[in-house]
Amino acid sequence: MSNRTVVITGANGEIGHLLLETLSAAKATIIAVDLTPLSEYHTSLCEEVIVGDICDDEVIRDIEKYDINEIFHLAAILSTSGEKNPERAHHINVDGTMNFLQLAYRIGKRTGNAVKMLFPSTIAAYGVPNLSIKNSAKPAKELDFTSPFTMYGINKMYNEQLGRYYSDCYKRLSPTKESGFVDFRALRFPGLISAFTIPTGGTSDYAPEMIHNAAQHKPYACFVRPDATIPFMAMPDAVKALLGLAAAPLSALTQRVYNVTSFSPSAANIAEMVTSEFPEALITFEPQQQRQEIIDSWPAEVDDSQARKDWNWHPDFSFTATFKDYLIPNIRAHYAK
Ligand code: NAD
Ligand code: AKB
């Protein structure tokens with residue numbers, strides 16, 4: 001076993017796959033957890049794969065035997081799926097996260113080393129009151145617009161607070177002062193775009209759906225208006241951000257939750273870029289009210305200056321580079337197979 005033992009929940013998801021591959025290349029010992037079984041290839045990168053629910057005590061007991069250093073807690077129900085069954089979203093997103101915070105605490109206490117818990121929060125944690133405020137607002141800082149509209153956004157916002165509580169407040173007032181066993185760090189991700197996977201259940205999905213449909217010569221009806229604008233990021237930058245925040249010395253961090261961003265195109269800008277690469281692409285706009293309202297409640301731009309300052313964050317891929325250097329070559333090769 002290497003001296004870096006990590007748990008990845010939601011390892012079979014979009015971020016999970018690239019994170020698993022990257023951590024495996026860095027020789028980490030990986031315990032993967034997901035509701036769905038991993039491919040043979042991804043399984044081969046892991047010490048153990050646990051197919052199960054993050055809310056299940058038996059799953060937690062299985063993991064607890066390891067001396068874990070880091071937990072990448074990715075498993076969640078995303079924004080559009082969350083609105084279809086808000087109670088289920090709450091259970092998985094909040095109770096599941098509590099389970100892993102408590103697990104981190106117990107392992108940290110047993111080993112005497114704080115367990116780092118890396119948590120992908122989201123721009124859905126923001127709630128911009130209306131479109132005219134959205135259109136005139138400055139890039140949102142972490143403490144702006146703190147009343148999210150969706151169950152998913154509310155769950156993420158609350159989990160950010162739970163993580164801070166387990167790191168900085170839990171049992172701090174007890175005579176034994178048993179604090180310091182959890183080191184929670186969160187990133188508020190924008191919409192993510194992968195060349196290899198098509199997302200399901202999110203609301204930022206229109207960007208990757210547009211691209212992947214064009215690459216497969218399929219028409220695509222975009223579910224938001226052409227002017228809809230939120231921040232996005234290429235998947236390799238998302239994994240770079242998670243690993244960058246994990247590697248930062250605690251003493252350099254001035255907060256436990258950081259914005260990270262890359263570019264903020266409108267849906268029309270994305271359609272233009274896609275059409276310039278795939279001239280035969282047939283993209284139409286057929287806004288769906290609920291998903292449009294969700295996008296309208298997320299900021300057009302976020303301010304990630306604190307992440308840049310504290311742990312030297314910067315994305316490698318601009319809007320143009322995301323398409324020219326990452327998406328287009330990989331997507332063409334992927335669908336040519
Ligand atoms: P995804 O939907 O591709 O992956 C989530 C994985 O979690 C899936 O493989 C799913 O099977 C698993 N899962 C769901 N419920 C589970 C449960 N109860 N027990 C065990 N596994 C369960 O999502 P993703 O895009 O990889 O996102 C990962 C994390 O990043 C999520 O927490 C999400 O909120 C966050 N995030 C994603 C984006 C994005 O655009 N992809 C943006 C911001 C934040
Ligand atoms: C979603 O759309 O729900 C996610 C996110 C931005 O958190 N992709």
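Visitor: Which residues in α1 meet which residues in α9?
Guide: Keep in mind that we're looking at a predicted model. On the α9 side, look for Met235, Pro236, Val239, Leu242 and Leu243. Facing them from α1 are Glu14, Ile15, Leu18, Leu19, Thr22 and Leu23.

Visitor: By class, what residues does the contact of α1 with α9 have?
Guide: Leu counts as nonpolar, Thr as polar and Glu as charged. Sorted that way, the contact of α1 with α9 has nine nonpolar, one polar and one charged residues.

Visitor: Is α1 roughly parallel or oblique to α9?
Guide: Start with the axes of helix α1 (residues 14–25) and helix α9 (residues 235–247), which come within 10 Å and cross at roughly 60°. Angles under 35 degrees count as roughly parallel, and 65 to 115 as roughly perpendicular. The crossing fits neither range, so α1 is, relative to α9, oblique.

Visitor: How do α3 and α5 run, roughly parallel or roughly antiparallel to each other?
Guide: Helix α3 covers residues 57–64 and helix α5 covers residues 86–111, and their axes come within 11 Å. Those axes cross at roughly 25°. An angle under 35 degrees earns one particular label, so α3 and α5 are roughly parallel.

Visitor: And is the crossing of α3 and α5 left-handed or right-handed?
Guide: Here's where the two helices touch: Ile60, Ile63 and Glu64 in α3 meet residues in α5 including Phe100, Leu103 and Ile107. The residues of that contact divide into five nonpolar, one polar and three charged. As for its hand, the crossing of α3 and α5 is right-handed.

Visitor: Over to ligand 1: which residue has a side-chain N or O atom 2.8 Å from an oxygen atom of the ligand?
Guide: There are 26 residues around ligand 1, and Ile15, Asp34, Leu74, Tyr152 and Lys156 come nearest. Aspartate 53 puts a polar side-chain atom 3.0 Å from a nitrogen atom of the ligand, while isoleucine 54 has a polar backbone atom 3.0 Å from a nitrogen atom. The contact you're asking about, with an oxygen atom at 2.8 Å, belongs to lysine 156.

Visitor: What about ligand 2: which residue has a polar side-chain atom 2.5 Å from an oxygen atom of it?
Guide: Among the residues around ligand 2 are Leu78, Ser79, Thr203, Ser204 and Trp298. Threonine 203 uses a backbone N or O atom, 2.6 Å from an oxygen atom of the ligand. Serine 204 uses its side chain, but the partner is a nitrogen atom of the ligand, 2.8 Å away. That leaves the side-chain contact at 2.5 Å to serine 79.

Technical notes. Residues numbered from 1 in each chain as written. Chains lettered and ligands numbered in written order. Predicted model: local features only at pLDDT ≥ 70, side-chain atom pairs only at ≥ 80, totals over all residues. Heavy atoms only, no water. Axes fitted to C-alpha atoms, helices over the stretch in contact; angles between N-to-C directions. Helix = DSSP H or I, 4+ residues; strand = E, 2+ residues; numbered from the N terminus. Parallel < 35°, antiparallel > 145°, perpendicular 65-115°, else oblique. Left-handed = near helix turned anticlockwise from the far one by under 90°. Contact = heavy atoms within 4.5 Å. Near = heavy atom within 4 Å. Polar contact = N/O pair within 3.5 Å; in protein donor to acceptor, adjacent residues only side chain to side chain.
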